[in-house]
Amino acid sequence: MLELVDVCARYNGTEVLSGVSLSVEPGKITAIIGANGAGKTTTLRCIIGILRPSKGKILWRDRDLTALDTKDIVKSGITMVPEGRHVFPHMTVSENLDMGAYLRRNIHEIKKDRSWVFELFPVLKIRSGQTAGTLSGGEQQMLAVGRALMSAPDILLMDEPSMGLAPMLVDEVFHVIHQIKQTGKTVLLVEQNAVKALSIADKGYVLELGLTILSGTGTELMNNPEVERAYLGI
Amino acid sequence: MKGWDILYYLVNGLPIGAIYALVALGYSLIYASAGVLNWSQGDMVMLGAFIGYNLHCLLGLNFILALLITTPAVACIGMLVERIVLRSLRKRSSPPVNVVIGTLGVAIICRNLALAIWGPDAQLFRSPVGSVPVEIGTLRLFPQDIFILILGIALMILLQYFLKYTREGKALRAVAQDRMAASLMGIDVGKSDTLAFAASAAMGAVAGILIAPLFFVTFNMGAGIGLKGFVAAVVGGLGNIPGAIGGGFFLGLIESFASGKISSGYRDAIAFTVLILILWLKPAGLFSKITKETV
């Protein structure tokens with residue numbers, strides 16, 4: 001279980017997180033929702049070590065991640081699909097997937113995961129020799145997810161995977177997240193599209209101004225009038 | 001222009017172009033990975049020339065052996081520059097321009113150290129492959145020029161292979177294309193910067209030891225060659241690896257034409273005028289359209 005205990009973080013001296021506490025249960029989908037600037041992305045950045053929290057603990061497998069570098073956190077089994085995809089534009093689709101497996105040595109296992117990724121996203125197989133910069137937005141999103149899966153993570157952090165995608169592709173992305181869960185992986189999802197996120201989430205948290213203000217199962221939160229107010233950001 | 005003329009300019013321009021390309025690669029590799037300019041690149045050339053001179057000419061070591069010792073030695077100096085200047089300044093989140101000034105400091109220190117160790121006099125470095133030219137018609141091919149071309153191009157191919165097919169090389173390209181995403185893959189981005197500095201210094205060292213027999217070895221030779229290499233890198237598009245190679249050869253040929261057609265005294269002025277024109281017409285570099293790929 002991944003657990004955040006009262007995590008605070010600052011950007012250039014401004015406090016962005018002022019006490020985020022949440023727990024991510026294994027094999028489940030956990031969603032973080034909230035308005036723009038609530039601290040959702042910052043929370044993920046703290047977990048993966050791009051940003052160091054100023055206070056609080058992030059506990060994973062008896063270790064506090066707040067003291068570790070990103071590469072050691074990735075080594076410990078956590079990967080992030082960043083907001084805005086961030087594929088390597090001048091590398092081929094195939095090379096991008098290789099980069100996802102950068103820390104792994106077992107060629108046989110890597111091959112197995114590669115064919116699984118191609119099963120999840122058949123279009124990536126077709127485009128495997130193309131440079132990632134020539135893919136459409138939707139294809140790049142799939143590549144970003146596929147690349148993250150290539151590191152064989154136990155926990156997949158996903159930052160706004162549906163952002164900027166056509167409605168049909170949004171459905172596909174959520175379908176894939178559900179499929180990933182069914183292989184036993186844990187997903188922590190950050191989304192603006194709160195309805196979609198809560199509909200597939202086992203558990204959800206609502207962030208407001210850097211604080212976790214509500215939590216509950218996906219359905220509980222969906223039926224909560226507070227939530228409507230929070231995620232609409234009124 | 002007659003066919004012989006063109007050959008003459010090629011023969012004169014390509015070897016020095018290969019040297020510029022090696023130096024330009026150093027700038028571009030570091031710029032691609034770390035996003036900073038390394039002004040000590042020219043002085044890595046000087047150090048390569050001097051250490052090679054010391055081993056080969058003073059201690060009488062075999063040239064190849066001298067090359068094999070000099071290159072990793074200068075690469076280590078490059079790594080030291082990354083550790084001391086880039087890493088420590090980055091830890092204090094200084095702006096990139098401070099790093100650039102830091103590397104300028106390194107350049108001046110290197111120059112003064114060389115002055116203290118080897119003195120102010122220009123040193124003669126005899127070509128290890130002899131100086132008797134091969135004559136074909138009116139054309140004279142010098143063995144050192146051919147040697148420069150072969151070794152230079154071999155090194156460029158080696159670099160391309162490293163970037164394309166090795167684990168660390170691919171990681172360096174990933175860092176160059178998206179530093180944040182690279183760290184999410186578990187890549188040690190700091191190590192990639194160290195590698196870029198080491199490789200750049202190594203290429204500078206080889207350029208230095210190759211060019212030493214063409215000119216004299218002096219403590220301040222890094223300034224001129226460093227500037228030329230930088231211009232070649234900018235013409236090819238800073239951070240663009242194939243562009244740096246193209247930019248280097250292009251600059252070498254322009255110089256060759258300028259000194260052959262007009263006057264060698266105006267060589268630099270003409271070369272730089274052409275370069276300003278190119279940057280005016282194509283601000284992203286001469287090769288921005290042909291090769292979109294950076295690293």
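The dialogue below reads several features of a predicted two-chain model, one at a time.

Q: What should I keep in mind about numbering and confidence?
A: Residues are numbered from 1 along each chain as its sequence is written, while chains are lettered from A and ligands numbered from 1 in the order in which they are written. Because this is a predicted model, local features need pLDDT of at least 70 and side-chain atom pairs count only at pLDDT 80 or more, whereas totals for chains, interfaces and linings use all residues.

Q: How many residues does each chain give to the contact between chain A and chain B?
A: Two residues are in contact if their C-beta atoms, placed from the backbone, lie within 7 Å. On that basis the contact takes 21 residues from chain A and 16 residues from chain B. Helix 2 (70–75), strand 6 (78–81) and helix 3 (93–100) of chain A each supply at least two residues of the chain A side, where helices (H or I, at least four residues) and strands (E, at least two) are DSSP runs, numbered from the N terminus.

Q: Which strands of chain A pair with strand 4 of chain A?
A: Two strands pair if DSSP finds at least two bridges between them. Strand 1 (residues 2–11) of chain A runs antiparallel to strand 4 (residues 55–60) of chain A and is joined to it by five bridges, with Val5(A) opposite Lys57(A). Strand 4 of chain A also pairs in the antiparallel sense with strand 5 (residues 63–64) of chain A, over two bridges, and here Leu59(A) stands opposite Asp64(A). Two residues lie between the strands of this hairpin, in which Arg61(A) takes a positive phi near 50 degrees.

Q: Where do the domains of chain A lie along the sequence?
A: Domain bounds come from an automatic or database domain assignment, which for chain A gives domain 1 (2–77 + 154–232) and domain 2 (89–152). Their centres, taken over C-alpha atoms, are separated by 24 Å. The contact between them takes 11 residues from domain 1 of chain A and eight residues from domain 2 of chain A, and helix 7 of chain A gives the most to the domain 1 side, with four residues.

Q: Which residues touch the most other members of the largest nonpolar core?
A: In soluble globular proteins, nonpolar side chains tend to be buried together. A nonpolar core is a set of buried Ala, Val, Leu, Ile, Met, Phe, Trp, Tyr and Cys residues joined through C-beta atoms within 7 Å; a residue is buried if 20 or more other C-beta atoms lie within 10 Å of its own, with C-beta atoms placed from the backbone. Of the 162 residues in the largest nonpolar core, those touching the most other members include Leu157(A), Leu189(A) and Ile19(B). Helix 1 (residues 3–34) of chain B gives the most to this core, with 17 residues.

Note on methods:
A residue is buried if 20 or more other C-beta atoms lie within 10 Å of its own, exposed if 12 or fewer, and partly exposed in between; C-beta atoms are placed from the backbone.
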